[in-house]
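Hello,

Here is the structure I promised to hand over. Please open it first, then read on for what was found.

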Amino acid sequence: MTAATASTSKQRQAGRLPAEVTSFVGRRHEVAEVKRLLCASRAVTLTGPGGVGKTRLALRVAVDLARDFRGGVWFVELAGVESPDMLAQIVAEALEIRDYSASAPIDVLVQHLRDKQALVVLDNCEHLVYECAALAETLLRAAPALRVLATSREPLGFAGEQTLPVPTLELPESDHLPAESLARFDAVRLFTERARAVLPSFEVTEENRDVVARICRRLDGLPLAIELATVRLRALSVQQLLDRLDDRFRLLTAGSRAVLPRQRTLRALIDWSYALCSEQEQLMWARVSVFAGGLDLDGAEAVCAGDGIAREDVLDLVSGLVDKSILLREEHGSRVRYRLLEIIRQYGVEKLAERGQVEMVQGRHRDYYKQMAAQAREQLFGPGQVAWFTRLRLEHANLHTVLEHCFAHPDEAVTGLTMASDLLFHWITGYYLGEGRQWLDRGLAACTRPDESRARALWSNGWLAVIQADLPAATAMLAESKAIGERLGLDSVLAYVALYNGMVAMFEGDTESAIAFYEEALERHRATGDPVGTASALIRLSLAYSFRGDSETAISLGDECLAVADAHGEGWHKAYMMMALGVDVWRQGDLRRATELETHSLRFNRTVDDPLGVGVNLEVLAWIAATEGRHERTARLLGILDTVWQAIGAPLSGYGHLAHYHDECVALTRKTLGSSGFEAAFEEGARLSYDEALAYALQGDEHVDEAITRNGFAARDRAQPRSGAGAPAPLTRREMEIARLVAKGMTSKEIAADLVISQRTVESHIEHILSKLGFHSRTQIAVWVGEQVRTVEEDGGQ
């Protein structure tokens, strides 16, 4: 079965929707109408010109309806998608589907959504109208509980689609309404709120009411036009603003009459915003338009500096564009990023073309992300590993754009192929394995010269094919890579070919051949000084010897791998090695040590959001529970695993030789509990959310949290944290979680990043914890948490 379910992401429902940088004003009637249409129809498209607020309206509806869709509410940004062939893959990634099978993306989407009550928002469909219509129609036919909400400048035009033209904001018809009456008009409310962001003391008064009303009417009630205009109140009075708007529109009406009135209004405002920028700010605006999905300061400096912009001036220019509402500032953990609204970005693209700098700036953009991919590969095996994984995910849209550009230009295809190979671990650890396979396939088709770049791309793609269980393709690619490596004397290539040939042999049940391949890979990787390859070979060789029953060799190899990882400050390969050692220690009967190894590995795999690693960890924890005779726990873990392996698309993907342990575990547990008991516990596990499931796996029956309790677990499985006196602790589950992190010495900022919540929320929780416990310092919290741990240990975990 190749069905895929939602990614095992630590992000919560709200995290699947873009953050609203500014407040949402008005639109009560429109919000209600969209909700009504979504109840009556399964597909609604919001139409209207750029700047009218289609995306904001769709987002507001999505946020309001989040609780109504058990299968999730998902936002798919399509503005940067150039190739129609990538549409289904981009939608699958936005839905956080990690499918490790070789299925076509549209089939993965159909299987994933077939039984889901979900809402998918397709934003900015106008350049892919036909393709979006075909996709929506296919998905809606296959998934009876699915709803699709699209935004486009024109209807998509498929059967069952309901369209809602998004109107401009409600305007006052007269200039002479009392100031308090103007507040009921959405255009005036938006103007007032945005004006206060510039001038906190701003009010609509009896003296300025007529001018404010005229400004809003002059701007046709277009939200984006109002937002751009109010920025000018930093330097102008409302009367001066109106006068200058009149000047801009008089200039405009002397131009083409072919443009629709509201488009002329917005164009005039954007033209004015551009005109009020300094020459360097105008140049910066044009150059940042090459970025897709946002950029950070490093990217702005690398791509935009030079030829008229000094590198040391970039920060001030970016700040100036933020002040003018051209760039929107967003925080992502400890990094600040900037993005442009699509209509503002398109305007910048036009200006870049007028300057004749498109090729130059696109070349810098390509070189910057080519260098980033190469640097990430070089620094993969080290203490910055997790930071690199996170950064590449934030930059995914730019990486996609660069690869699309490279493969659209035959003379740059080799650059694209090299980048796609450098990003191998990005494809595996993110939601992008299928996309990575597509880029490598595309590059290999374009770059047929049998050189080192092709050889490396072949073994990289061969590994992706192994993970997808596409063994014929993997075998063919590895054979070609080996032939090139032998002809050119490329020891590194031959080392990786041997490693992945070992995986193929292991998958096919040929343990002796696998060991021979792994030993060859290990010898070659040691000789070339490649710690990534060395660690990978040690992990696989340890697993193979363990499978053959040679625990002494397996553990010796494992210890060597851990030493290599520790020497480089690396965590991901170390987590996989601990998983592999856990398997062997479990086979030897040391269940406590096996549990420690697997839970340590699981915690790391959770931090990097690696579902494959998580899945194998959960497998071993289930086998341990079965060996301990904890059969209800085993069945629940098996239920959790059913969801995880469906999400990946292939059970024990890449670790097929362990499948017999899974089958034995299922058979033993079902026999012990009986079919009805097994199915009941299995379903309890399958119903858990990802976070609840991991909490259960990590904490065990003794610490089942309130969310799991709500899923119907037996009362004897429920236990609350206890104070030193033995009474129930007065903390909520979230407060207890934060208290434990405080006890680890983490700062509020670090806790906020770990839990994906705001720092202010963390500090509020800590204040409540201190109040409830009668403490006045974090040190007291840490001591108290330590007492909880000791109490549980003294009670034998009961």
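Start with N124, in the loop between β3 and α5. This is a predicted model, so please read everything below in that light. The phi of N124 is near 65°, a positive value in a residue other than glycine. Most residues other than glycine have a negative phi. N124 is also buried, because its relative accessible area is 12% and the cut-off for buried is under 20%.

E96 is another case. It has a positive phi of about 55°, and it is not a glycine either. Look for E96 in the loop between α3 and α4, the latter being residues 105–113. Is E96 buried or exposed? E96 counts as buried, because its relative accessibility is 5%.

Next, the five-stranded sheet.

This sheet is open, its strand order is β2-β3-β4-β1-β5, and the pairing is parallel. Which strands stand at its edges? They are β2 and β5, the latter at 161–165. Each has a single partner strand, so one side of each is left without a neighbour in the sheet. From one strand to the next, the twist averages 20°.

Now take some strands in turn. β2 covers residues 73–77. Although β2 stands at an edge, four of its five residues are buried. Its parallel pairing with β3 (residues 119–123) runs over five bridges. To see where they meet, find F75, which stands opposite V121 in β3. Further along the sheet, β1 (residues 43–47) and β4 (residues 147–152) run parallel and are joined by five bridges. There, V44 has L149 of β4 as its bridge partner.

Two helices are worth a look with this sheet.

α3 spans residues 87–94 and lies across β2 and β3. It runs at about 140° to β2. α2 spans residues 54–64, and its buried residues are K54, L57, A58, L59, V61 and A62. What covers them? The cover includes α1 (28–40), together with β1, β2, β3 and β4.

On to the empty space inside.

Rolling a probe the size of a water molecule over the atoms shows where empty space is left. How many cavities of 30 Å³ or more does a search of the whole structure find? It finds two. The second largest has a volume of about 30 Å³. Its lining is made of V91, V120, L122, L135, A136, L139, L146 and V148. Two elements, β3 and α5 (129–142), give two or more residues to that lining. The largest share, three residues, comes from α5. By type, the lining has eight nonpolar residues, no polar ones and no charged ones.

Last, there is another sheet further along the chain.

It is an open sheet of three strands in the order β6-β8-β7, and the pairing is antiparallel. The edge strands are β6 (295–296) and β7 (328–332), and each pairs on one side only. Strands of a sheet pair through backbone hydrogen bonds, either parallel or antiparallel. β7 pairs with β8 (residues 335–339) in the antiparallel sense, over five bridges. To find this pairing on screen, go to H332, whose bridge partner in β8 is R335.

If you want a short route through the model, begin at N124 in its loop. Then step to F75 and V121, and finish at H332 and R335.

Best wishes

Methods. Residues numbered from 1 in each chain as written. Predicted model: local features only at pLDDT ≥ 70, side-chain atom pairs only at ≥ 80, totals over all residues. Heavy atoms only, no water. Buried < 20%, exposed > 50% of the residue type's maximum accessible area, 1.4 Å probe, protein only. Pairing = 2+ DSSP bridges. Axes fitted to C-alpha atoms, helices over the stretch in contact; angles between N-to-C directions. Contact = heavy atoms within 4.5 Å. 1 Å grid on protein atoms, 1.4 Å probe; cavity = no way out; pocket = protein on both sides within 12 Å on 5 of 7 lines; lining within 4 Å. Points joined across faces, edges and corners; volume = space filled by probe spheres on them. Nonpolar A, V, L, I, M, F, W, Y, C, P; charged D, E, K, R; others polar.
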